[in-house]
Amino acid sequence: DDSAKKYLVYFSLKYSGEPDKICYAYANPDFTDLEGALRQLFYSPDSAACIDGDIVSREGRYYLFFKTEDRQPGIKIAVSKHLTGGYVLQSKDYVQQTTDAVEGACTFKLNDGSGYILMYDVYMTGGYQFTRTTDFRNFRVVDERVDMNFHPRHGTVMPITSAEGGRLASQWMSPAASLLSPSDKTIAAAYDSARAVLTLRVASGTDLRRFDPQFISYPGVAIMPSGPRDFTGGAVNYTIRIGDREKRYSVVVRVK
């Protein structure tokens, strides 16, 4: 909360048989406890349960994404000029772009400033759906641009610096992760972990004399060599270095 200069913690609370409401309190300076009594932030106007709140600010307004447990559960948006109250429904429309059951909305701004991502947990299928928006009214599915190698529930995205990314990679990242995440999603890949051999199958007509797999170079990860290579003679060797760890891989490219 910029005005209070404190961290605001908000969550759903069920009391005395009433539907869940979203409440808030401020964290103490040490972030070890909550200060004062809980206050109500929002309740669903249809008297249904209101859970899984997620607030994002845009152009001087606060947008609260929440799941309402009414006759047709789903994610709606309430808007206010104030962080801690005054929220009213933007509309009666649901913003999820699927007929499957969803919850756990998370909204974050794209680093290039071109819009926002709304993601939500499609919990009955064990996956996520990602949508993009610029106005918080129209949402377009962008699942084809997202690659996940883990499956959290009610996941949250937070920004980190390149330096922080490098430290995380050095501690936790497998060198093979960069090879298994080619930026060109039209490439089909098969990885032999025992022999450290990655086989890419590309579309007919691809020029293998100057082919660039476009492996993702995450912060703190060095990939050598870089750029287009000649794959007509067989495998090309790549070296992945993360911190003080280094591993060599062979990459084979074949036309489908």
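Lys5 lies in the segment before β1 (8–13), where strands (E, at least two residues) and helices (H or I, at least four) are DSSP runs numbered from the N terminus. Phi of Lys5 is near 60°, a positive value in a residue other than glycine, and at 72% relative accessibility Lys5 counts as exposed, a term used for values over 50%, with buried meaning under 20% and partly exposed the range in between (1.4 Å probe, protein chains only). The model is predicted, with pLDDT of at least 70 needed for local features and 80 or more for side-chain atom pairs, while totals for chains, interfaces and linings use all residues. Residues are numbered from 1 along each chain as its sequence is written, and side-chain values use heavy atoms, with hydrogens and water left out.

A second residue with this backbone feature is Gln214, which has a positive phi of about 55° although it is not a glycine. Gln214 is placed in the loop between β13 and β14, and with 42% relative accessibility it counts as partly exposed. A further backbone feature is the cis peptide bond that joins Met224 and Pro225, with omega about 0°; Pro225 itself has its place in the loop between β14 and β15.

**The chain as a whole**

The chain contains two helices and 16 strands. Its radius of gyration, taken over C-alpha atoms, is 23 Å, well over the 18 Å that the globule rule gives for 256 residues, so the chain is more spread out than a compact globule; the rule in question is 2.2 Å times the number of residues to the power 0.38. Along the principal axes, the C-alpha atoms fill a box of roughly 70 × 40 × 35 Å.

Of the 256 residues in the chain, 39% are buried. The accessible surface, from the Shrake-Rupley method with a 1.4 Å probe, comes to about 15200 Å², and carbon and sulfur atoms hold 49% of this area. Among contacts (heavy atoms within 4.5 Å) with a separation of 6 or more, 37% are between residues 24 or more positions apart. The chain carries 31 positive and 30 negative side chains, and the centres of the two sets lie 5 Å apart; here Lys and Arg count as positive and Asp and Glu as negative, with His and the chain ends not counted, and each charge is placed at NZ of Lys, CZ of Arg, CG of Asp or CD of Glu.

**Aromatic pairs**

A pair of aromatic rings is described by the distance of the centres and the angle of the planes. Rings of Phe, Tyr and Trp (its six-membered ring) pair if their centres lie within 6.5 Å, and planes under 30 degrees apart count as stacked, over 60 as edge-to-face and the rest as tilted. By this rule the count comes to 11 aromatic pairs. Tyr128 and Phe130 form one that is tilted, with 6.2 Å centre to centre and 40° between the planes; Tyr128 is buried at 13% relative accessibility, and Phe130 is buried at 9%.

In the pair of Phe211 and Phe231, the ring centres are 5.9 Å apart and the planes stand at 75°, so this pair is edge-to-face. Phe211 lies in the loop between β13 (197–202) and β14 (221–224) and Phe231 in the loop between β14 and β15 (236–242), so the pair ties together parts that are 20 residues apart in sequence. Both Phe211 and Phe231 are buried. Elsewhere, ring pairs link Tyr63, Phe65, Tyr116 and Phe136 into a cluster.

**Selected strand residues**

The table lists three strand residues with their relative accessible areas.

| Residue | Strand | Relative accessible area |
|---|---|---|
| Val88 | β7 (residues 88–89) | 53%, exposed |
| Ala189 | β12 (residues 188–192) | 46%, partly exposed |
| Thr199 | β13 | 15%, buried |

Leaving aside neighbours within four places in sequence, Thr199 is in contact with Ala188, Ala189, Ala190, Val252 and Arg254. With residues up to four places away again not counted, Ala189 touches Leu198, Thr199 and Leu200, while the C-alpha atoms of Ala189 and Gly227, 38 residues apart in sequence, are 19 Å apart in space. On the same basis of counting, Val88 touches Ile77, Ala78 and Val79. Val88 and Lys67 are separated by 21 residues in sequence and by 14 Å in space, C-alpha to C-alpha.
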